[in-house]
Amino acid sequence: MNIFAENLARLRSGIPEHVKVVAVSKTQPPGIILKAYAAGQRCFGENKAQELINKAPLLPSDIEWHFIGHLQTNKVKQIIPYVTMIHSVDSLKLLREINRYAAMAHKRIRCLLQFHIATEETKYGLSYEEAAEILKTPDLEMLDHVEIAGVMGMATFTDDKEIVTAEFHTLHQIFHQLKSSFFTGNEGFKELSMGMSDDYQVAVREGSTIIRVGSILFGARV
Ligand SMILES: *Cc1c(COP(=O)(O)O)cnc(C)c1O
């Protein structure tokens, strides 16, 4: 068994079956990703457009690529051929751009709204009010090559589990509030992308449906 397979088996044994694992493969070369693929992993996450478009064509086409990093509108075109889900939608402009290129590619891209839940200034993301503004857009239904599938957030980088718990709890509340205000009866709005290697256990306890984990599977990044 390869190391990735051992790490994945250990991770999976500690989380519920319905929780999806995105293996964050940023900085990992294609050969390492292939070993993870051989261990059965099909879902990988990248946070830089250039890195994704360099690596994806070299790897099996049944890999499900998730884009998890900050995305500039001028990079959307390049990543659309590869991605299944974009976790980091933080503006209407970006959503429109994703829709535009997804339409040209005859794809429908699942998108998550990224929220700012951490105390750090540097983390990207929307406030509830900003998200509500986007979701009130009159012609939003016209964007039929994107599906708003849920929310994403990153907790503060801290060892204080109480802070992390509170932040993930906040994201779950935001999810429920959005669901009842904008997505009643919409089965597609169901994902909570929260939790990384250091805080996925807290995230899963707080209702995460997708965890984005890199170092716990691949080992520490160099
Ligand atoms: C790098 C990254 C992760 C994974 O980080 P690990 O600590 O290696 O698990 C998750 N989400 C985002 C947005 C990232 O950039």
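**Exercise 1. Find which oxygen and polar atoms meet at the ligand, starting from Ser197.**

Solution. A polar side-chain atom of Ser197 lies 2.5 Å from an oxygen atom of the ligand. The model is predicted: local features need pLDDT of at least 70, side-chain atom pairs count only at pLDDT 80 or more, and totals for chains, interfaces and linings use all residues. Residues are numbered from 1 along each chain as its sequence is written, and side-chain values use heavy atoms, with hydrogens and water left out.

Next, take Lys26: an N or O atom in its side chain is 2.7 Å from an oxygen atom of the ligand. For Arg221, a polar side-chain atom lies 2.7 Å from a ligand oxygen atom.

Last, list the surroundings (a residue is near a molecule if one of its heavy atoms lies within 4 Å of it). Residues around the ligand include Val24, Asn47, Ile68, Met154, Met196, Arg212, Val213, Gly214 and Ser215.

**Exercise 2. Describe how helix α2 is packed.**

Solution. Helices are DSSP runs of H or I with at least four residues, and strands are runs of E with at least two, numbered from the N terminus. In α2, residues 30-38, the buried residues (under 20% relative accessible area, 1.4 Å probe, protein chains only) are Ile33, Ala36 and Tyr37. Seen down the axis of α2, these fall within an arc of 105 degrees, so they line one face of the helix; the arc is that of the directions from the helix axis to the C-beta atoms. An α-helix has 3.6 residues a turn, so residues three or four places apart point the same way.

The partners of this face are α1 (3-13), β2 (43-46), α3 (49-55), β3 (64-67) and α9 (215-218); contact means heavy atoms within 4.5 Å. Just after α2, Gly40 has a positive phi of about 105 degrees.

**Exercise 3. Identify the residues that touch the most other members of the largest nonpolar core.**

Solution. A nonpolar core is a set of buried Ala, Val, Leu, Ile, Met, Phe, Trp, Tyr and Cys residues joined through side-chain atoms within 4.5 Å. The largest has 66 residues, and those touching the most other members are Ile79, Ile86, Leu95, Ile98, Phe115, Ile211 and Leu217. Helix α7 (residues 161-182) gives the largest share, 6 residues. Apart from this core lies another, of 7 residues, among them Val22, Met85, Leu112 and Ile210.

**Exercise 4. State how many disulfides there are, and place Cys43.**

Solution. The structure holds 0 disulfides (pairs of cysteine sulfur atoms within 2.5 Å). For Cys43, the nearest cysteine sulfur, that of Cys111, is 15 Å away. Cys43 counts as buried at 5% relative accessibility, and Cys111 is buried at 1%.

Note on methods:
Buried means under 20% relative accessible area, exposed over 50%, partly exposed in between (1.4 Å probe, protein chains only). A polar contact is a pair of N or O atoms within 3.5 Å; within protein, one must be able to donate a hydrogen and the other to accept it, and residues adjacent in sequence count only if both atoms are side-chain atoms.
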